[in-house]
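Let's take a walk through the aromatic rings and the nonpolar packing of this one. Pull up the model and follow along.

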Amino acid sequence: METKPQKMPKVAKVKNKAPAEIQITAEQLLREAKERDLEILPPPPKQKISDPAELADYQLRRRKQFEDNIRKNRTVISNWIKYAHWEESQKEIQRARSIYERALDVDHRNVTIWLKYTEMEMRNRQVNHARNLWDRAVTILPRINQFWYKYTYMEEMLENVAGARAVFERWMEWQPDEQAWQTYINFELRYKEIDRAREIYERFVITHPEVKHWIKYARFEENHGFINSARRIYERAVHFYGDDHLDEKLYIAFARFEENQKEHDRARVIYKYALDHMPKEQAKELYKAYTIHEKKYGDRSGIEDVIVSKRKFQYEQEILQNPTNYDAWFDYLRLVEGEGDVEITRETYERAIANVPPSKHKQFWRRYIYLWINYALFEELEALDYERTRQVYKACLDLLPHKIFTFSKIWLLFAQFEIRQKNLGAARKILGNAIGKCPRDKLFRGYIDIEIQLREFDRCRILYGKFLEFGPENCVTWMKFAELESLLGDVDRARAIYELAISQPRLDMPELLWKAYIDFEISQEEAENARQLYERLLERTSHVKVWLSYAKFELNNQSEDNMNVALARRVYERANENLKNYSEKESRVLLLENWKEFESGHGSDSSREKVNAKMPRRIKKRQKVIDEDGTEQGWEEVFDYIFPEDEASKPNLKLLAAAKNWKKKKDTEDAPEV
C-alpha cells in the first residue's frame, strides 16, 4: 500500500518584515488597558432580600465566612472587629458583645479591641455596659491614658461630675504624667472649683517636683487674684529646691511676678540673691533679665551694679578657661578694686597670684610679676596695711628663682617702700641682699640713685666700685662714675677713672667713653690733654669721624694768629694721607667734602684749588652678584670713586682714560651728517 506524502501546513507569507513606523511600548499597552477598564471585574449583582428565610440564609453564609477567617488565624484582630461591626450592623448587639468578649479572651491587652467595644456600647446608648467596660479596661491597663481620658469625658458628657471626679481620683493614684494632672485641674476649673484645683496643684508639685510646675501653680493663684498665696508658693519653691538645686527660671518668674505687682525692691532682692547663690555659668538669662529690670526701674547705681556683675561673670569665665590669662586678671582686679571692698579685693589678688607660670622662662613671668606689684601697692596705698605690704614683697621675692632670673623692679620697689616707712637700714639690707644674690645693672643703678638722693657719696663710690667689678666692660658705668666725681669737684679722681676705663681690654661702647673723656678735658679747658687724647685715640682707630671731630676741635680751639685754622688744616691733610691706605672710599669722600667746606669758610683761593683738585670723580661700574653659596646671579651696577691722586700714582688708569677719550672722539667723527 502506497503511503501518501504528508502535507506541510501552509505558512502565511509575510510581505513586509520591516519594523512598523509607530512602535508601542509595554507601558502604553498597560495605560490603554487601564483607560478602557479591561481588567476590572464587574461588581456582583445586588441582592434584594425579600423575606426572613433569605435573610437567615444570607446571615448564615456571612457568619460562616467570618468564623472560617477567625478559625484560620485567631490572632488577626481585624477579623474580629469586622465580624463585630457586621453583627452590629445587623442589630445583633448581643452577638457583637459575644464576639468582642471572645476577642478579649484571645488578647486582653489589645487597646483597639477595648476602644472599639466601648465605642459600640456608647453608640448604642448602653451607658452602664460602657461604664463597666471602662472600669475593666482601666483596671487591667491602668497606664493607658487614652482609656482614662475617654472614661472621664464620657462621665462629664453624661453630667456625672461626681463620677468623673472619682475616675480622676482613681487615675491620680497611679501618678500619671503632667498632662493628666492638668486635665484634672482644668476639669475642676470648668466647674469653678478653685479650692479643689488648688488641692490638686499641691499634690501635683509634690508628685512632679519640677520648676515649671511650681511656676504654673503660682500663676494659677496670681490669675485668680490670690497675690499673697502666689508669693508664698514662690517662696515655698525656693525653700523646696534649696541652694543645691537652684534654677534661674524660678527666680526670673518670681522676680517678674514681683515686678508685675510694682514691688521693684523685692524683685531686686530676688535677682541679687539668685546671682549670689547660683553658679555663674548657669545664670546667663538671669543676668539679662536683671539688666532689663534695672534699666526699666533702677537708678544709675543699680544699673552700674548689674553691668559690673555681668562683667565679673565674663572675667570669671575667661579665668576659668585659662587661669594664666593675666590680662583678664588685671581687668578683673581693676573692677573689684573699684567697688572698694578690701576683703574681696584681697581675696581676688590671692587667687590671681596663686596661678604661677608653669615655665621657668622669664618671658612667661613678665606679666605675672605685675600682679604682685599691684597687690603690694594696693595694700600700701588703699588698705594702708604696711605690714601686709612687707609680707607681699617678701613672698614675691621668695617665689622668684633668683639663680635663673630675677626682676630688679621688685627689689627696688621693696627698698623704696622701706624708705617711705623711714626704715633706711632695711632698704639698704634689701638692696645689698639683691646685689649679693643676683647682681644686675638696674639694681646697681637704682641703689646708686638712692644713695645720691641721700647724699651718701662715699657709699656711691663703694657701689660704683662693686658695679665695675661686676661689669668692667660697661662704658656707661665708667662715665657715670667719672661724672659723679667731676660734679663733686674731684677732677683728678675723675681723670683717673677715665684713664682706668680706656685701659680696659674690652668695652661695649668705647667711642662713647673716649668722647666723654675728651669732652671732660675740653670742659676743664685742658686743650693739650684733649689733643693728646685724640692722638692716642687715632693710634687705636682711623675712623673718619674721629678725624672730623679732631679737626673740629682744633678749629674751635681759638688761638692767636689763626693758628687753629692751620692746625685744623694739618689734621685734614693727615687724615687724607691716612685714609689713602684704606679701601673705604666713602669715608675718604666724606672727609674731602668736610675739608672743602672748611676751606670755603676759612681758606684761601690756593687752598681751595688744592682741595678741589683732590675731589674724586664718580663713575658707574658693573660687577657680578654672587650668592652666599657661590652661585652667580648676574650683574649689577654700582658707583665707584676715582681720586686724582690715585690716578697719578697708577699709570694704567691714565692709559685707560686716554683710550676711552679716543674711542669717544672716533665715534663722533664716524657719525653721518644729517
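This is a predicted model, and counting ring pairs with centres within 6.5 Å gives 21 aromatic pairs. Take F187 and Y191 as a worked case: their ring centres are 5.3 Å apart and the planes meet at 65°, so with the edge-to-face label starting over 60 degrees, this pair gets it. The two partners sit in unlike surroundings: F187 is buried, at 0% relative accessible area, while Y191 is partly exposed at 34%.

Now try F240 and Y241, another edge-to-face pair, with 5.2 Å from centre to centre and 90° between the planes. Here F240 is partly exposed, with 40% relative accessibility, and Y241 is buried at 14%.

Back to F187 and Y191 for a moment: both belong to one aromatic cluster, together with W148, Y149, F168, W171 and Y184. Rings can also face a charge. The charged end of R198 sits over the ring of F226, 4.8 Å from the ring centre.

What about the nonpolar packing? In soluble globular proteins, nonpolar side chains tend to be buried together. In this model the largest nonpolar core has 75 residues, and W114, F147, M172, Y234, L250, Y251 and L286 are the ones with the most contacts inside it. Helix α13, residues 248-260, supplies the largest share of this core, with seven residues. If you want to zoom in on F147, look past its neighbours within four places in sequence and you'll find it in contact with V111, W114, L115, W134, A137, V138 and L141. Apart from the largest core lies another one, of 32 residues, including Y375, V392, I410 and F414.

Methods. Residues are numbered from 1 along each chain as its sequence is written. This is a predicted model: local features need pLDDT of at least 70, side-chain atom pairs count only at pLDDT 80 or more; totals for chains, interfaces and linings use all residues. Side-chain values use heavy atoms; hydrogens and water are left out. Rings of Phe, Tyr and Trp (its six-membered ring) pair if their centres lie within 6.5 Å; planes under 30 degrees apart count as stacked, over 60 as edge-to-face and the rest as tilted. Buried means under 20% relative accessible area, exposed over 50%, partly exposed in between (1.4 Å probe, protein chains only). A charge sits over a ring if NZ of Lys or CZ of Arg is within 6 Å of the ring centre and within 35 degrees of the ring normal. A nonpolar core is a set of buried Ala, Val, Leu, Ile, Met, Phe, Trp, Tyr and Cys residues joined through side-chain atoms within 4.5 Å. Helices (H or I, at least four residues) and strands (E, at least two) are DSSP runs, numbered from the N terminus. Contact means heavy atoms within 4.5 Å.
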